[in-house]
Each structure stands twice: as structure tokens, then as C-alpha cells.
Amino acid sequence: MSFLGHRSLMYKQGSSHSQDPMLKRDGFEDILEERRNSSDLKYALRCYAPVLYKGVTPCKANMLKNIVLQSDQLHYVINQVSQESGEAPDIIQEEASVILEEMAHRLQISTVRFFAFALSKAFKTLFQHVCVNEEGIQRLQQAIQEHPVVLLPSHRSYMDFLLMSYILYTYDLALPVIAAGMDFMGMKFVGEMLRMSGAFFIRRSFGGDKLYWAVFSEYVKTMLRNGFAPIEFFLEGTRSRTCKSLTPKLGLLNIVIEPFFKGEVFDVNLVPVSISYERILEESLYARELLGVPKPKESTSGLLKARRILSEDYGSIHVYFGQPVSVRSLAQGKVNRSTYNLFPRHIPRKPMEETQSFVNDTAYRIVRLQEDNMVLKPWVLMASLLLQNLEGLELSVLTEQTVWLRGLALSYAAFLDWPDHAPTAKVVSSSLALHRGLACVSGGRVSLVVGEPLGPVTPEEALFNRAVSVLSCASYRNQVLHVFLRPAMLAVAMHTAASSKKNEVYNCFSFLWDMFSNDFILCPGDIDFEEACYLLVKTGAVQMPQQDIVMTDIGQPTLSFFNGLLEPFLQGYQVVCRYLCEEASEGLTEKQYIPAVRSFAVKLILAGAFTSLSEMF
């Protein structure tokens, strides 16, 4: 039964991107529906026979390691390191073997079946629905048979990589091999189980370790060239604690694209995957980390203690498999591959400038595609409104404003999941019930929940508790930022420009673009400015007579909301600038800088330097 049978997703219409076939959106199926009505054991033990790349025979883990250790590229680096260090090549070869043994996956179907059974039980307890676009699955199945595939999911939760493997197993697709941090390898029993379900472990940073980089890159490229399994990694490099997209990391993307540049494969398919959580498992943990509480070390005991989350309701998950992106098509006319024929393939080379630029543009393109297919729930709209009204809102006012914001979001092509035919009041009350740990209704008024202290607290502790609440709520507001960001930047530019002249507004917009380029996923050139103008004109908030950009008679609510949306980010930059001007000392390290700015911000808030806490977060 289609998930659309009882809920529908609003589709993109009237957007400036509406003609782009890569943004055509599919419907969803709830894969937990069948799990609730049939045996989990039978599901885990069923026949599993995925179609592989060009019918290749699955490669055993030991055979894969032998191919890597015997590769010309690795031997070249081993000889290079030997000459530089003075150690015998045999010793360096042994070091390479140890690195590979520590790194490599050992995929075993028995472990996969165990996870399939255990995750079925867990998901049915934690989530109401796990919804997948089946058309995307069909496209992926076809792509896997034609060319090597790289899966690039968004990363908001530890649950992401487990969820991806679970879905691929459900649809009888080849299980991915997944790049995972060394932190997980240290988890007793669990680390090895993850390895046997397809994880390969890599260091968070390699420094100048030439041998480690050579082993790692050759391992990944060998899997890709031979198409043994889809390769999966997170472009952002780590979970986004703020739930907005992070600047992509390019190392692994460089590695998986290189075999195409060298002519070792005809093409590589990059598949963006958007994973949207109605309620994030780590919401309060992320808030505390952002406030300086150390991240809990990954451990088996910590995992067991986390079992208490099984008593909570985390709503729905939507997983959208995007259109496969052909590297060959993207590179057409942008990268001259013939230069790669001038050197032997096994000699490592630093990427050329045009190659690096292409990889960077591709990474940003993929993250934008992830954002475009993120499914937004009503709560993200409500959170955006509550954060601009920290004193609280009447429930009727919140409901009315949520309906208004829903219309605005849809006109800007948001991928919004809104229950069919349900009264708006019921949608709002259901969202408040699911997120009752963040917001509550008292006397007909909705406000954020602040944890009650067990005893007397200092002003700093009270502020910390308040900040946890605000930041947890902000993680949901941030999920809708990609929809409103560009028009919001234009609204701020209009507010700060000396006049309504288009060129002056554009200069202010450009300043904001430069400032926010590391905070958000933005496009080079004038694309973002033109899109912002188009969207605000389209919704009647501004008009552009001749060379001016002016607010219309009905534009004030929209522009006011957008100014409030970006206010916390602007205030954050102001605090940093004040700190650097007033208190920073020379030789401040990055490790010292972040706690110092945080302490400075606390001092300013307690001194009443800000009119509302939302200005800081």
C-alpha cells in the first residue's frame, strides 16, 4: 500500500527550478508497514540475491586486500617512503598490510541478517513510519548494474548508515561498503559487527602520512574500479550538530572521481540521498555539545545505556534517493582528461586546478540536491516561529502563522509533508505532542520548555538550561533554512542598504554572501541573488521597478520574518567581532578560541547586552 494512500507530499510547482528534471519528486512507501504485519525473523533469513555491477562475482575480503597490496600505486609509494625513511621496502610493505587490516571491511551476510532482525525491532519501536521513494530505489538498482555507484547521504544522526544498509537489504540491493570513523572501531563487539556489515574504518585525519593515504585511496579505488559494492560516505565528513548542511569535505570525493579521470572506469554515478527525521534522536545531546559539553565517547556501554530512547516516539523518517549524477556528464567540457595520459596511472599526482574546481563544484551540487529533497514536517515551521517569539505565542496565533508560513514555504518549492485533509489545529497539536520535550501549551499559550533544576542554580546554569532548549529548537528551524535562505539574505540586504537602488542592495547581498559562505551552501556568481529576487517578487513581497528593489504593501510580514530568521547568525558574527576587538589575545589557538567566545557571549547576555536569547542562537 502506498504511503500516499493516507498522507501526501506537496509537490514543487511554480519554482524557478521546476523545469530541472533532477528536482522532480517521487512518492513514498512506508517500509515498516510490511514489517508490522509479517515475521521479522523470516525477513532477516529470506533469500538475498542482489544484482551486481555488470554481473561481477562478489569479491571476498581477503582477495580485495591482496589486490590492494599488490597494486602498482601502493608499491610506488612504498618504494618512495622506503627511500625517504631509509627503511627496507619489506618493512614498509608490512606496515601497509597492518594499516589495511585495521581499515578493511569483512562483510558477512550472517551479520547483515542479524542487523536486519534487530533493526526491524528497533525501528518499529522508535518510528511511526520509515518512508522511501521507490522510484529512487528503481533508479539506483539500474545504476548499480551500469557503472560504479557512490552513495552520498546527508548526515544528521548516527542512525544514518544503519538506515541506509537496512533499506538496501529490504529492497534486495547490493549492500554498500561504508566509510566510518575510527571511534566506532573501539566499541567492543559492536565495532567488529559494524565491520562485518560493511564498514571500513578510517582515521579522522591523516596528517602527512603518505603511506596511510596511499593504502586508503587504493583500497577505495579498487572497490570502485571493480564494482564489488556501492561505496557510501558522508560528504559533510561528520554529523551536523546544527542540522543545517555543512561545507563538504573533498578528500574522499576526489578519490572516487579519480578513476574516471584516468580512464579506469567509463563513468561513476553519484547518488545524493536525503534523510529527514521528524524528531532527531540526538537533539539534546547536540545542543549540549554546541554549548561545550564534551561529546560522549562511542562505546558499547554507552549504546546499552541509550536503550531508554526505545520508550520514546520519534515520528517518521523520510529517505529520498535522488537521481544518479553522472560524473562523465558533469565533466563534459569542464575537465581535460587527456592530461592524465601524460603520466603513468600508478604515480600519485596532486589534482590540477581545474580538477579541484570541478570536484568542489560537484560536492556543492550534491549537497544542494540533498537539501532540495529534504522532507520538512510542520514542526520545523512552528519552531521557526517560536524562536522569533521566545516569550511565547497564543496557540491560535501560532496555528494561524504556521498556515501562513506553510503557504510561503510551498511557494518557494519546499518539500513539505502535511497530513491530507487534517484540520490545521490537529496538525499543530500533534506536532506539539511529539515535541513535548521542547514546547508546551499552558493557558492557551505555547512556549519553549526549559528543564527544571533540581536545586538552586547560578545565573550561568539557568542560562545554560535555557540555551539547551533554544538550540534544540534551532536544530529544527535550521532544517528549513535552505528554502528561505536566499530571500532572507535579500530581505536583510534591503534592510541595511543605504537606498532601494538595485546595485546598493546587491552590494549588501554580496557582503552577506561572503560572510555566510562557510555557514550555508551557496552558489558562486549572481545565481543566489537572482533567485532571491525571483522568489520575493513571485510571492508579492517586493517589486522591482526599473533599477530599484522595494517592499510592496503586503510584503512587510514576509520581510520581517526573514530578517528575524537570519538575526541569530548576524548577532553571532557581531559577538565574535566584539570579542576579537575587545578581549582576544595574540597567539589564541582554535581550541582556546571557541570556549573563550562562548564565555564572552554568556557575559554579554547576563549583562543584558542582548534583548533576547534568540539573538545569540
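**A tour of the cysteines**

Welcome to this predicted model. Start by selecting the cysteine sulfurs: with a disulfide taken as two sulfur atoms within 2.5 Å, the count is zero disulfides.

First stop, Cys473. How far away is the nearest cysteine sulfur? That sulfur belongs to Cys243 and lies 12 Å away, and Cys473 is in no disulfide. Turn on a surface next: Cys473 counts as buried because its relative accessibility is 0%.

Now move to Cys533, which is in no disulfide either. Show Cys508 as well, since its sulfur is the nearest cysteine sulfur to that of Cys533, at 13 Å. Cys533 has a relative accessible area of 5%, so this residue is buried.

Next, select residues 439-442, which make up strand S13, and find Cys440 there. Is Cys440 buried or partly exposed? With 32% relative accessibility, Cys440 counts as partly exposed. Leaving aside residues up to four places away in sequence, Cys440 touches Arg445, Val446, Ser447 and Val449. Add Val450 to the selection: Val450 is ten residues from Cys440 along the chain, and their C-alpha atoms are 9.9 Å apart.

To finish, colour the model by pLDDT. The protein averages 89, and 92% of the residues score at least 70. Select residues 1-23, where pLDDT stays under 50 and the model has 62 contacts beyond four places in sequence. Then select residues 612-617: pLDDT stays under 50 here too, with 25 such contacts. Where pLDDT is low, the predicted coordinates should not be read in detail.

Notes:
Residues numbered from 1 in each chain as written. Predicted model: local features only at pLDDT ≥ 70, side-chain atom pairs only at ≥ 80, totals over all residues. Heavy atoms only, no water. pLDDT = per-residue confidence, 0-100. Contact = heavy atoms within 4.5 Å. Buried < 20%, exposed > 50% of the residue type's maximum accessible area, 1.4 Å probe, protein only. Helix = DSSP H or I, 4+ residues; strand = E, 2+ residues; numbered from the N terminus.
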